[in-house]
Amino acid sequence: MKQIGIKDFMAYNYPTGIVSSPDGKHAAFAVVNVNEKDNCYDSCLWIMDMATGEYKKLTNGRKERNFIWFDNETLLFTSDRDKSYAEKVKKGEDWTCFYKISIHGGEAEFAFAVPLKVSKMKLAGSKLIMSVKYDYNKPDFSHMEEGDEKKAALDAWKDEKDYEVFDELPFWANGQGIVNKKRNRLAVYDLETGADKIVSPEYENVENFWVEGDKVLYIGNLYTDKKDVYQGLKCYHMADDSIETLVEQKDMSIDYACILNGKVTFFASYMKLYGFNENDKLYTVENGEVSLLADFDDSIHNSICCDCKFADGPAIVHDENYIYFISTLRKQSVIRRFDANGNMETLVDRQGSVHTLDVNNGMIYFSGMRDMGLTELYSFDGKEEKKLTSFNDEIMAERNVIPVEEFTFTHKGIELDGYVIKPADFDPNKTYPGILTIHGGPRATFGPTFFHESEMFANAGYFVFFTNPVGSDGRGNAFADLSGRHGSIDFDHCMAVTDEVLKRYPQIDEKRLGVMGGSYGGYMTNWVVGNTTRFAAAASQRSISNWVSKCMTTDIGYYFNMDQIKADPWSTPDKMWTHSPLKYANMAKTPTLFIQSDEDYRCWMGDAIQMFSALKYFGVQARLCLFHGENHELSRSGKPNHRVRRLTEMYNWFEKYLKA
């Protein structure tokens with residue numbers, strides 16, 4: 001049995017985005033794999049015969065992930081295989097090339113190219129409905145005639161690459177880079193005539209869309225100076241090329257919309273009781289009047305933490321009669337559905353994590369994790385769950401996957417969950433170091449599911465333990481509401497689980513404890529080192545240290561962070577500072593490693609640098625590893641060699657301070 005090491009994530013297979021054919025006889029999906037040589041991720045399309053259960057690789061281009069069914073026998077996918085178009089894109093033009101391939105194999109054939117940067121597409125008869133990335137700072141080179149004028153425009157555009165001009169909020173976004181004057185827009189491509197056109201209004205950001213016959217429902221956010229948190233719901237009528245406003249952009253955050261039994265139905269929140277983190281409810285709208293269809297308290301997405309998945313696909317889907325969605329319940333994510341009358345039922349309720357959904361004639365297909373395993377594809381026929389793929393069975397059978405032990409305990413009247421992974425080859429007569437790991441969010445959730453980082457440390461001889469403090473998802477709005485209390489009850493719960501674990505597992509050496517976490521977990525790690533000296537080492541990743549600077553430098557800071565802290569730098573600066581770990585850095589004694597990416601615009605590097613500098617200033621051992629070209633997703637989808645370096649930095653840090 002092999003121990004799970006730092007680089008093992010490179011051997012895992014990552015199936016994702018299963019979509020069944022219109023007739024339900026086949027399903028297509030992508031499989032992502034690490035390409036260590038080229039330091040990237042390869043992805044190819046696969047096809048499954050639903051009658052036999054057999055599946056095979058369909059493409060070998062290494063970059064195919066974005067696809068739809070063109071008909072029952074053909075897939076349509078995007079790729080950059082054509083060198084002439086690739087050269088145009090390199091010069092600055094926007095083109096997306098589409099290819100067709102038969103599910104029975106053979107070479108993919110070039111179908112057409114659209115002079116737009118397509119991110120998502122859906123077929124609607126002879127029309128291709130698309131979400132396209134549009135840059136108002138950039139001339140429309142793709143629609144220009146070849147000649148001196150186009151060449152001059154391209155040359156002028158190249159000169160502008162040395163500058164960034166910001167005149168709106170947000171001006172950058174994590175994973176997207178600079179977004180100033182950039183929008184997602186709704187576009188239509190006519191497959192018969194080859195004509196393309198953008199149909200959504202100027203400066204409206206199209207955040208999602210759904211094709212309903214000859215209509216397209218879409219969520220839009222129109223702004224020209226500062227993007228707010230409210231969205232509108234609109235309907236594009238293909239028949240007469242008109243747009244109808246169904247729900248005005250004024251007081252709702254909208255996540256999903258469809259037509260059930262002839263009525264527009266959607267998930268949304270007014271955000272009145274719990275702010276921007278408030279769970280959605282189910283609504284209908286008719287003649288401009290919004291009505292509550294179903295009032296419930298759970299989330300409508302998967303919040304289970306994982307560092308080894310690719311979730312290419314929706315978490316909510318629908319057919320004529322039901323909306324199917326993923327919901328997080330305490331330590332697992334389940335599949336539920338609502339009917340047109342607002343009646344809800346839970347269909348798949350099993351320990352694990354569900355990532356993406358597809359539904360066809362009542363049959364549900366999903367990607368997910370089961371039984372401490374990696375991601376595979378599954379189906380559910382209304383009675384029985386069936387495992388469809390075994391991409392990782394052989395890999396996992398060879399490795400020492402240590403189970404997560406669970407317990408519950410009560411702290412100050414609140415029941416909390418505790419999770420422990422024992423060290424490999426555990427001997428009850430020996431003592432071991434332990435690491436408290438704190439999840440991000442804070443509205444995320446730990447459960448007894450496979451987590452590569454934790455398994456790696458357990459296999460290296462550490463106890464790894466964790467909990468879901470107040471602020472976590474899966475237990476309703478009230479439990480998840482941490483607004484205005486960061487660094488108080490959540491810190492108390494992290495210390496409480498540490499006390500409980502030490503009591504239940506006397507083999508843990510309380511003088512050799514570490515703490516680590518990323519994002520909100522990085523915030524809590526920074527808070528921990530400034531408010532207690534019980535930990536001998538810490539690893540703070542993509543962290544927050546100063547709410548004053550954070551709220552004015554990040555993509556969500558100016559609205560989400562101020563909402564959650566219930567303070568701002570002008571009227572209540574003292575409260576912001578009170579909840580900032582940097583305030584307590586002069587009390588820190590714990591050697592701390594900082595892991596940070598220089599393109600993380602969610603938790604910008606300024607916060608990590610401030611906390612690192614403060615610790616060095618006060619004579620505390622500290623180290624900052626800054627990753628170039630990475631963002632907030634470094635630990636999950638960063639370049640493979642960067643992910644290896646990240647884990648190596650953390651491993652070496654804890655080995656030095658907890659084992660030396």
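**View 1. The second largest cavity holds about 50 Å³ of space.** The model is predicted. Lining this cavity are Q541, R542, I595, Q596, S597, D600, N631, H632, L634, S635 and R646. Two elements give two or more residues each to the lining: β37 (592-597) and α12 (634-637). The largest share comes from β37, with three residues. By character, the lining of the second largest cavity divides into two nonpolar, six polar and three charged residues.

**View 2. Helix α13 runs from residue 640 to residue 659.** The helix has 20 residues. From its first C-alpha to its last, α13 reaches 27 Å. That is close to the 28 Å expected at 1.5 Å a residue. Which residues of α13 are buried? They are P640, H642, R643, V644, R646, L647, E649, M650, W653, F654 and L658. R646 is buried in α13 and also belongs to the lining of the second largest cavity.

**View 3. The largest cavity contains about 70 Å³ of space.** A search of the whole structure finds four cavities of 30 Å³ or more. Rolling a probe the size of a water molecule over the atoms shows where such empty space is left. The lining of the largest cavity is made up of C305, M372, V404, I421, F446, G447, T449, F450, F451, S454, E455 and F466. How many of these lining residues are nonpolar, polar and charged? Eight are nonpolar, three are polar and one is charged.

**View 4. The second largest pocket has a volume of about 280 Å³.** Its lining counts 16 residues. Of these, E244, L246, G262, V264 and V285 lie nearest the centre of the pocket. Five strands give two or more residues each to the lining: β16 (215-222), β17 (232-237), β18 (242-247), β20 (263-269) and β21 (281-286). Which strand gives the most? It is β18, with three residues. The lining of this pocket divides into six nonpolar, five polar and five charged residues.

**View 5. Four strands make an open sheet in the order β23-β24-β25-β26.** The pairing is antiparallel. Why is one side of β23 and of β26 left without a neighbour in the sheet? β23 (316-318) and β26 (344-348) stand at the edges, each with a single partner strand, so one side of each has no neighbour there. Neighbouring strands of this sheet are turned by 30 degrees against each other on average, direction ignored.

**View 6. Strand β25 pairs with the edge strand β26.** Strands of a sheet pair through backbone hydrogen bonds, either parallel or antiparallel. Here β25 (residues 332-339) and β26 pair in the antiparallel sense. Four bridges join the two strands. Which residue of β26 stands opposite R337? It is E345.

**View 7. Strands β5 and β6 form a hairpin.** Two residues lie between the strands. β5 covers residues 67-71, and β6 covers residues 74-79. The two strands run antiparallel and are joined by four bridges. Across the hairpin, W69 stands opposite L75 in β6.

Notes: Residues are numbered from 1 along each chain as its sequence is written. This is a predicted model: local features need pLDDT of at least 70, side-chain atom pairs count only at pLDDT 80 or more; totals for chains, interfaces and linings use all residues. Side-chain values use heavy atoms; hydrogens and water are left out. Two strands pair if DSSP finds at least two bridges between them. Axes are lines fitted to C-alpha atoms, for helices over the stretch in contact, and angles run from 0 to 180 degrees between N-to-C directions. On a 1 Å grid over the protein atoms alone, a cavity is a set of points where a 1.4 Å probe fits but cannot get out, and a pocket is an open set with protein on both sides within 12 Å along at least five of seven lines; lining residues have an atom within 4 Å of a point. Grid points are joined across faces, edges and corners, and a volume is the space filled by probe spheres set on the points. Ala, Val, Leu, Ile, Met, Phe, Trp, Tyr, Cys and Pro count as nonpolar, Asp, Glu, Lys and Arg as charged, and the others, Gly among them, as polar. The expected span of a helix is 1.5 Å times one less than its number of residues. Buried means under 20% relative accessible area, exposed over 50%, partly exposed in between (1.4 Å probe, protein chains only).
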